[in-house]
Amino acid sequence: MRNILLGSSQTTTIIIFCVLCAVALIILFVSTSKRKRVFKDKDEKQKDKLLKAAEEGDAKARCEIALNYRYSESGKYLYWLEKAAEQGCEEAMRKLADEYNYGNDYTKPPIKKDREKAIVFLSKLADKGDIVAMKDCALIYAVEYKDEAKSREWQEKAANAGDVESMENLGCDYRVSGEIKNFEKSEYWFQKAIDAGSINAIRYMGDLYCYFEGKEDFYKAENQYRRAISAGDDYSYVRLGDMCKEGKGFQKDEAAAFEFYKKAADRDEPVGKTRVAECYMNGVGVGRDEKKAFGILEEVEEKSIFARYLLGLCYFNGTGTERDYGRAVKLFKECPNFYDKALNKLGECYYFGYGVENDKEEARKFWQQAVAYKSEQAAENLKKYFNETSENE
């Protein structure tokens, strides 16, 4: 009897507990729903207030109301941004430039890329002194329209507005770009960048004096590199090493070149490490040590394109490691397509079936790409195996 009463008492307690929980949940639900209605009403009132201000011509309100439509109604989103932009709102101009430059697939309907419209709004920002807009215009003309002259025009605007990166780019363009190659203009822009505090530009000035054909001044080049090193540029050790190795301004001295490369490598400079590995691989300025070369290249593989290519050669030839054609092909493919030596080697792999299935047509394509980057070896391969004469020849 006691057990029956006890069981009945427990059941009653459980029922009461469940009822109380249900009541609490109902109260919480009602309270939450009420708060949601309050917030919704508040949001609607705020939106109405913004919309009224936008309609009355408030540029900030127009920009804010536009954002409410960004992912729902692209037409209204762009409409209000353009209205704000007409009033000179820079935030609206920037958003419009970005939307048209990159497109937006997340709004309804999607906003399609329209580089001409992007340039319209970027130009307006540029007129207000926006350096980022100037650089964006330069990039669009270079990449989208392949108009280097127009791109350079915008870079000059950014450079004249004080952008150091644009000064450096112009100096490099005038140093190496065939049609506009100009020693004086290159020197001018590098000096502007140096005066603005660029360490890179000091080294670039050294490159100008070292490599500009007909205007070489190795004494000045060495001074610029040493000046760059004093300012903290470790890459300039590599440049001094190259000068020793090639006998530019120094007596040709491979051992001295190796020491300069090692100084760069000791400071964890990727190209310096790659040069050191190359020296060990070929016995330049130091005793030949293929395993040591291989180990260094593995360390720096992710940081240097040339290191990746050399590591591919190690696997291809069995230098410092077991021969592995498959791994070699993978590494050559990981080198960017502009790297002609990797392209040439890939052509060889596909032609003879090293690490991949034999595919002569694929080999031909790789060699043709390499020829486009002035590879003499690839030109010889096309002539030898396909009887093709390239423009290079």
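This report describes the helices, nonpolar cores, largest pocket and unusual backbone angles of a predicted model.

**Helices α4 and α6**

Helix α6 covers residues 131-143, and its 13 residues reach 18 Å from the first C-alpha to the last, close to the 18 Å expected at 1.5 Å a residue. Helix α4 also has 13 residues, which at 1.5 Å a residue should span 18 Å, and the distance of 18 Å between its end C-alpha atoms agrees with this. The buried residues of α6 are Ala133, Met134, Asp136, Cys137, Ala138, Ile140, Tyr141 and Ala142, and these pack against α4 (90-102), α5 (115-127) and α7. In α4 the buried residues are Ala92, Met93, Arg94, Leu96, Ala97, Glu99, Tyr100 and Asn101, and what covers them includes α2 (59-68), α3 (74-86), α5 and α6. An α-helix has 3.6 residues a turn, so residues three or four places apart point the same way.

**Nonpolar cores**

In soluble globular proteins, nonpolar side chains tend to be buried together. The largest nonpolar core in this model has 73 residues, and those with the most contacts inside it are Val276, Leu297, Tyr309, Leu310 and Phe332. Helix α16, which runs over residues 305-317, gives the most to this core, with 9 residues. When neighbours within four places in sequence are left aside, Leu310 is in contact with Thr274, Glu278, Met281 and Leu297. A second core, separate from the largest, has 34 residues and includes Trp80, Leu81, Ala118 and Met134; Met134 is also one of the buried residues of α6.

**The largest pocket**

The largest pocket has a volume of about 180 Å³, and its lining consists of Ala142, Glu148, Ser151, Arg152, Gln155, Asn169, Asp173, Ser177, Gly178, Glu179 and Ile180. By type, the lining residues divide into 2 nonpolar, 5 polar and 4 charged. Helices α7 (148-160) and α8 (164-176) each supply at least two residues of the lining, and the largest share, 4 residues, comes from α7. Ala142, which is named in the lining, is also listed among the buried residues of α6.

**Backbone angles**

Most residues other than glycine have a negative phi, and most peptide bonds are trans. Against that background, the table lists three residues with positive phi values.

| Residue | Phi | Place |
|---|---|---|
| Gly103 | about 75° | just after α4 |
| Asp268 | near 65° | loop between α13 (254-266) and α14 (270-282) |
| Asn387 | about 55° | segment after α20 (376-386) |

Asp268 and Asn387 have these positive values although neither is a glycine. Asp268 is partly exposed, with a relative accessible area of 43%, whereas Asn387 counts as exposed because its relative accessibility of 67% is over the 50% cut-off. The peptide bond from Lys108 to Pro109 is cis, with omega near -15°, and Pro109 has its place in the loop between α4 and α5.

**Val371**

Val371 is found in helix α19, which comprises residues 360-372. With a relative accessible area of 10%, Val371 is under the 20% cut-off and therefore counts as buried. Val371 and Ala264 are 107 residues apart in sequence, and their C-alpha atoms are 33 Å apart in space.

Key. Residues are numbered from 1 along each chain as its sequence is written. This is a predicted model: local features need pLDDT of at least 70, side-chain atom pairs count only at pLDDT 80 or more; totals for chains, interfaces and linings use all residues. Side-chain values use heavy atoms; hydrogens and water are left out. On a 1 Å grid over the protein atoms alone, a cavity is a set of points where a 1.4 Å probe fits but cannot get out, and a pocket is an open set with protein on both sides within 12 Å along at least five of seven lines; lining residues have an atom within 4 Å of a point. Grid points are joined across faces, edges and corners, and a volume is the space filled by probe spheres set on the points. Ala, Val, Leu, Ile, Met, Phe, Trp, Tyr, Cys and Pro count as nonpolar, Asp, Glu, Lys and Arg as charged, and the others, Gly among them, as polar. A nonpolar core is a set of buried Ala, Val, Leu, Ile, Met, Phe, Trp, Tyr and Cys residues joined through side-chain atoms within 4.5 Å. Buried means under 20% relative accessible area, exposed over 50%, partly exposed in between (1.4 Å probe, protein chains only). Contact means heavy atoms within 4.5 Å. The expected span of a helix is 1.5 Å times one less than its number of residues.
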